[in-house]
Amino acid sequence: MATATLRHPIIRHTAAPRNFAGLVRAIEKAQASGLKRISMRFADFIIKPSKYEGKMYVFSHEKELNQWGTMSNKYLGWITSNATSLGEVSLIQAVESAAADPYAAAKVYGQETGQCSCCGRELTNKLSIELGIGPICREKFGL
Ligand SMILES: [Zn+2]
């Protein structure tokens, strides 16, 4: 029994490697296309570029009063391609899952809310509704 335990050690207190590359890539693609005010909305969170290269900020859909006295989305933490400051496991998993297939996650959001994941506009025409995202946003974000 002892050798079996050694062959399958449980590693604790080690940050697991993360993979958020798909989301970082989509945001960077949108930045490279010259788009301003970039964000991607998903069921449980919103991603926006930070001023730091390769680092994206994660916000809640929930709004709160900010330091300037206006309402803004609650900041949750940041992600890079392979690291995060997020602490809540279920949220990390939701972000990783969206990163694994950003288009699929954007489409789910679009079909559930009727809004484009990227620009937040209502999906009105047949193609947008079918795609679950605006076709121009889809191209700009490389989805
Ligand atoms: Zn859009």
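**Pockets, core and zinc site of the predicted model**

The second largest pocket is lined by Lys48, Phe59, Glu64, Leu65, Asn66, Trp68, Ser72, Asn73 and Tyr75. In this predicted model, the volume of that pocket is about 150 Å³. By class, its lining comprises four nonpolar, three polar and two charged residues. At least two residues of the lining come from strand 3, and at least two from strand 4 (71–79).

The largest pocket has a volume of about 600 Å³. Its lining is formed by 26 residues, of which Arg37, Arg41, Cys118, Cys119 and Arg121 are the closest to the centre of the pocket. Two or more lining residues are given by each of strand 2 (46–49), strand 3 (56–65) and helix 6 (135–140). The greatest contribution is that of helix 6, which supplies four residues. Twelve residues of the lining are nonpolar, six are polar and eight are charged.

Arg37, one of the residues closest to the centre of the largest pocket, is placed in the loop between helix 2 and strand 1. Although Arg37 is not a glycine, its phi is positive, at about 50 degrees. Arg37 counts as exposed because its relative accessibility is 83%, over the 50% cut-off.

These elements belong to a chain with six helices and four strands. Along the sequence, their order is α-α-β-β-β-β-α-α-α-α. The chain has 143 residues, 38% of which are buried. Among the contacts in the chain with a separation of 6 or more, 44% are accounted for by residues 24 or more positions apart.

In soluble globular proteins, nonpolar side chains tend to be buried together. In the present model, the largest nonpolar core contains 32 residues, and the members that touch the most other members are Leu23, Phe45, Ile47, Ile79 and Phe141. Helix 2 (21–32), strand 3, helix 3 (89–100) and helix 4 (102–113) are the elements that give two or more residues to this core. Helix 3 provides the largest share, with six residues.

Beyond its neighbours within four places in sequence, Phe141 contacts Ala26, Ile27, Lys29, Ala30, Leu35, Ile38, Ser39, Met40 and Cys118. Met40 itself is found in strand 1 (residues 40–41). Met40 is classed as buried because its relative accessible area is 0%, under the 20% cut-off. With residues up to four places away in sequence left out, the residues touched by Met40 are Leu23, Ala26, Ile27, Phe45, Ile46, Ile47, Ser117, Cys118, Phe141 and Leu143. Leu23, Phe45, Ile47 and Phe141, which appear in that list, are also among the core members that touch the most others. In addition, the C-alpha atoms of Met40 and Ala106 are 7.8 Å apart, although the two residues are 66 residues apart in sequence.

A zinc ion is coordinated by the SG atoms of Cys116, Cys119 and Cys137, at 2.2 to 2.3 Å. Along the chain, these donors follow the spacing C-x2-C-x17-C. Cys116 is buried, since its relative accessible area is 1%. Cys119, by contrast, has a relative accessibility of 28% and therefore counts as partly exposed. Cys119 links the zinc site to the largest pocket, as it is both a zinc donor and one of the residues closest to the centre of that pocket.

A further long-range approach involves Ala83, a residue of the loop between strand 4 and helix 3. Ala83 counts as partly exposed because its relative accessibility is 25%, which lies between the 20% and 50% cut-offs. The C-alpha atom of Ala83 is separated by 8.9 Å from that of Ala16, and the two residues stand 67 residues apart along the chain. Outside the residues up to four places away in sequence, Ala83 touches Arg18, Phe20 and Trp78.

Notes: Residues are numbered from 1 along each chain as its sequence is written. This is a predicted model: local features need pLDDT of at least 70, side-chain atom pairs count only at pLDDT 80 or more; totals for chains, interfaces and linings use all residues. Side-chain values use heavy atoms; hydrogens and water are left out. On a 1 Å grid over the protein atoms alone, a cavity is a set of points where a 1.4 Å probe fits but cannot get out, and a pocket is an open set with protein on both sides within 12 Å along at least five of seven lines; lining residues have an atom within 4 Å of a point. Grid points are joined across faces, edges and corners, and a volume is the space filled by probe spheres set on the points. Ala, Val, Leu, Ile, Met, Phe, Trp, Tyr, Cys and Pro count as nonpolar, Asp, Glu, Lys and Arg as charged, and the others, Gly among them, as polar. A nonpolar core is a set of buried Ala, Val, Leu, Ile, Met, Phe, Trp, Tyr and Cys residues joined through side-chain atoms within 4.5 Å. Buried means under 20% relative accessible area, exposed over 50%, partly exposed in between (1.4 Å probe, protein chains only). Contact means heavy atoms within 4.5 Å. Donors are N, O and S atoms within 2.8 Å of the metal (3.2 Å for Na, K and Ca); water is not among the atoms, so sites may look incomplete.
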